[in-house]
Amino acid sequence: MATVPALEKPPVVLAETPAVRPRQGWRKYWHLYAAISPFYLLFLAFGLIPVGFSLYLSFHRWDGLGSMEWAGLSQYRYLVSDSDFWSSIGNTLIIWALATFPMIFLAMVTAVLLNSAVRFKNVYRFAYFLPNVTSVVAIAIVFGSVFSTNFGLVNALLRAVGLDQVAWLNTPWGIKVAIATLMTWQWVGYNAIIFLAGLQTVPGELYEAARMDGAGPVQTFFRITLPLLRPTLLFVLVVSTVTGLQSFTEAQVLLQNTSNDSTFSGGPDHAGRTMVLYFFQQTFDNNDFGYGAAVAWGIFLVVVIFSIINWRLVQRRDED
Amino acid sequence: MASVQDTKSSRGIRGVRGRGIALHAVLVIGLLLSAFPFYWAIIMSTHTSTEIFSYPPKLLPGSHFLQNVRSLFDNVDFFGSMVNSLLVACAVTFLVLLFDSLAAFVFAKFEFPGRRALFVVLMAIFMVPTQMAIIPQFVIMAKVGWIGSMTALIVPAAANAFGIFWMRQYMRSAIHDELLDASKIDGASFLRQYWHVALPVVRPGLAFLGIFTFMAQWNDYAWPLIALTNPDNVTLQVALSQLNGVHGTTDYGMVMTGALLALVPLLIVFAIGARQIIGDLGKGAIR
């Protein structure tokens, strides 16, 4: 290993790279640029240009076929006063909250239990993870039957205990509860495994010390586990927000046959019409590509705002 | 786990065993809740619609499975859709593994002008929501003539920011610099280093990314729904949704059979890679 010190030199050489003349640099590094180029080329063609084009489009009226017509800010002005868009934001947030908070709670409980159960841990992890790899289309079909008014299992249970049936997929709250239940079912196991990984980084001595000081399990959880789990919680919350606010498939498949004229209607009274569903409806049902682009930017803004709020909430407590 | 063992002495064997049983009881309830929709789908796939619509609901398997399979094949080109799904998922997985690992190798182990800026761009792309690009993508694809074909699904998905970022993190710790430097002294070219030094040691990482990509692609729905404009030439998820979407005439037994059969390839892939997926998912999150 006598050569090792010599081999550690490259970083020094690298630090000098700015001194290399550009043309020489290109010749020297062309293979590196070539190796990373597929992603950037694809991104240019299917990411950057489309996003730019979508911004351009949002200032025009266009049905996708004819010629574009300059519309200035009028579509954004309309978006701000579009009660359908606002109600789709409301629907999305209600469904997100109904799904996310129970999901995070159940995932944490599951992770803490798994962390202390030594036996069969792998069996549990496999089974809990299974819902997450299943396609949302298949899950939505199954949940559609579970929540069906006439023959659904949930109503059969209600009937068995003598309660009134609920027309789950026909009432505004029923629709939201059904979608949120589906999402919770799909994501509890996934996030439990992420929390479990976070828990396993907590040193065992800390729990030991807490027990010595006479702390009970609840106290231990709130004083030790939860604070140390904060980075993991932030990760889970941010991912759940970004994906949850852009939910589409659950509501689309669950409610697609409740309306004759649009598969993106979101059910009776549009109670399950999320923001992205509204975007699809405006764009591909109404062929209003220009307004659709404006809606897409509206959604982007909402997602950014909530991501920042999330981040601030968890960060703020860190500084205290 | 030492702390769990230690409690034995302080609380007595009996108390620990009681707690252990209670713990497993709760975990088993959770397991049943996770598994129940699968069981329910199996039950429904074995019954006729009349049986499904009756009360009380059937909780045990019936004998109508084969009839449901037959009416599924009569109503939708199940195998054609499955071939499409397999084609798309396999092609995307192969391309993603190749392009992402190449780019990740460069970002993890090499210095070059513009590296930092390019990586920042990559991370920014990670954050851009996909529906921003859907309309223009649709328009571009229509111009190129890819709308309605599987090419429209494969090409845009052939490399992604998540995979590059994830593989870079993996490669930074997995590939030792001494090994690379030694191969450089031996006169190995960049591609040789990639193929003979980098790839062999990051195989577990490739397995994770590959399985993850395959499953995501297999389950993808929103973009195929828009891009595959010919209802007779679609992927499995879109075909399933078509089955379910017929207004008022849903044959639940048949639809459930389709949903179950569509799961089979996915479950095979998941069973092969479960350990990898579940293990690495956690590592990635806390890194």
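User: In this predicted model, in which loop of chain A is the place of Asp269(A)?

Analyst: The structure is a predicted model, and within it Asp269(A) has a phi near 55 degrees, a positive value in a residue other than glycine. The place of Asp269(A) along chain A is in the loop between α13 (249-255) and α14.

User: Is Asp269(A) buried, partly exposed or exposed?

Analyst: A residue is buried if 20 or more other C-beta atoms lie within 10 Å of its own, and exposed if 12 or fewer do. Asp269(A) has 13 C-beta neighbours inside 10 Å, and therefore counts as partly exposed.

User: Which residue with a positive phi follows α14(A)?

Analyst: Most residues other than glycine have a negative phi. After α14(A), in the loop between α14 and α15 (289-319) of chain A, lies a residue that is not a glycine and yet has a positive phi of about 50 degrees. That residue is partly exposed, with 13 other C-beta atoms within 10 Å. The residue that follows α14(A) with this positive phi is Asn287(A).

User: How many of the 11 residues of helix α14 of chain A are buried?

Analyst: Helix α14 of chain A spans residues 275-285 and is mostly covered. Among its buried residues are Met275(A), Leu277(A), Phe279(A) and Phe280(A), together with Gln281(A), Gln282(A) and Thr283(A). Of the 11 residues in this helix, the number that are buried is 10.

User: How are the axes of α6(A) and α9(A) oriented to each other?

Analyst: The axes of helix α6 (residues 121-133) of chain A and α9(A) come within 6 Å and cross at roughly 135 degrees. Residues that meet across this pair include Tyr128(A) and Phe129(A) in α6(A), and Trp185(A), Trp187(A) and Tyr190(A) in α9(A). The crossing is left-handed. Because angles over 145 degrees count as roughly antiparallel and 65 to 115 as roughly perpendicular, with the range between them falling to the remaining class, α6(A) and α9(A) are oblique.

User: And how are α9(A) and α12(A) oriented to each other?

Analyst: Here the axes of α9(A) and helix α12 (residues 230-244) of chain A come within 9 Å and cross at roughly 160 degrees, and the crossing is right-handed. Asn191(A), Ile194(A), Phe195(A) and Gly198(A) in α9(A) meet Thr232(A), Phe235(A) and Val236(A) in α12(A). Since an angle over 145 degrees counts as roughly antiparallel, the orientation of α9(A) and α12(A) is roughly antiparallel.

User: Which two residues touch the most other members of the largest nonpolar core?

Analyst: The largest nonpolar core has 153 residues, and helix α9 (residues 172-199) of chain A gives the most to this core, with 17 residues. The core also draws at least three residues from each of domain 1 (2-65) and domain 2 (70-286) of chain B. The two residues that touch the most other members are Ala103(B) and Ala259(B).

User: Which residues of chain A does Ala259(B) touch?

Analyst: Leaving out residues up to four places away in sequence, Ala259(B) touches Ala41(B) and Leu240(B) in chain B. Its partners in chain A are Ala138(A), Ile141(A) and Val142(A).

User: Which helix gives the most to the side of domain 1 of chain B that touches domain 2 of chain B?

Analyst: The domain assignment of chain B gives domain 1 (2-65) and domain 2 (70-286), and 10 residues of domain 1 are in contact with 7 residues of domain 2. On the domain 1 side, α2 (13-45) and α3 (49-53) of chain B each supply at least two residues. The helix that gives the most, with 4 residues, is α2(B).

User: How far apart in space are Val139(B) and Lys184(B), C-alpha to C-alpha?

Analyst: Val139(B) is found in helix α7 (residues 134-144) of chain B, and is partly exposed, with 18 other C-beta atoms within 10 Å. Val139(B) and Lys184(B) are 45 residues apart in sequence. In space, C-alpha to C-alpha, their separation is 46 Å.

User: How many helices and strands does the secondary structure of chain B come to?

Analyst: Chain B has 287 residues, of which buried residues make up 40%. Of the contacts in chain B with a separation of 6 or more, 75% are accounted for by residues 24 or more positions apart. The secondary structure of this chain comes to 15 helices and 0 strands.

Note on methods:
Residues are numbered from 1 along each chain as its sequence is written. Chains are lettered from A and ligands numbered from 1 in the order in which they are written. This is a predicted model: local features need pLDDT of at least 70, side-chain atom pairs count only at pLDDT 80 or more; totals for chains, interfaces and linings use all residues. A nonpolar core is a set of buried Ala, Val, Leu, Ile, Met, Phe, Trp, Tyr and Cys residues joined through C-beta atoms within 7 Å. Domain bounds come from an automatic or database domain assignment. Two residues are in contact if their C-beta atoms, placed from the backbone, lie within 7 Å. Axes are lines fitted to C-alpha atoms, for helices over the stretch in contact, and angles run from 0 to 180 degrees between N-to-C directions. Angles under 35 degrees count as roughly parallel, over 145 as roughly antiparallel, 65 to 115 as roughly perpendicular and the rest as oblique. A crossing is left-handed if the near helix is turned anticlockwise from the far one by less than a right angle, and right-handed if clockwise.
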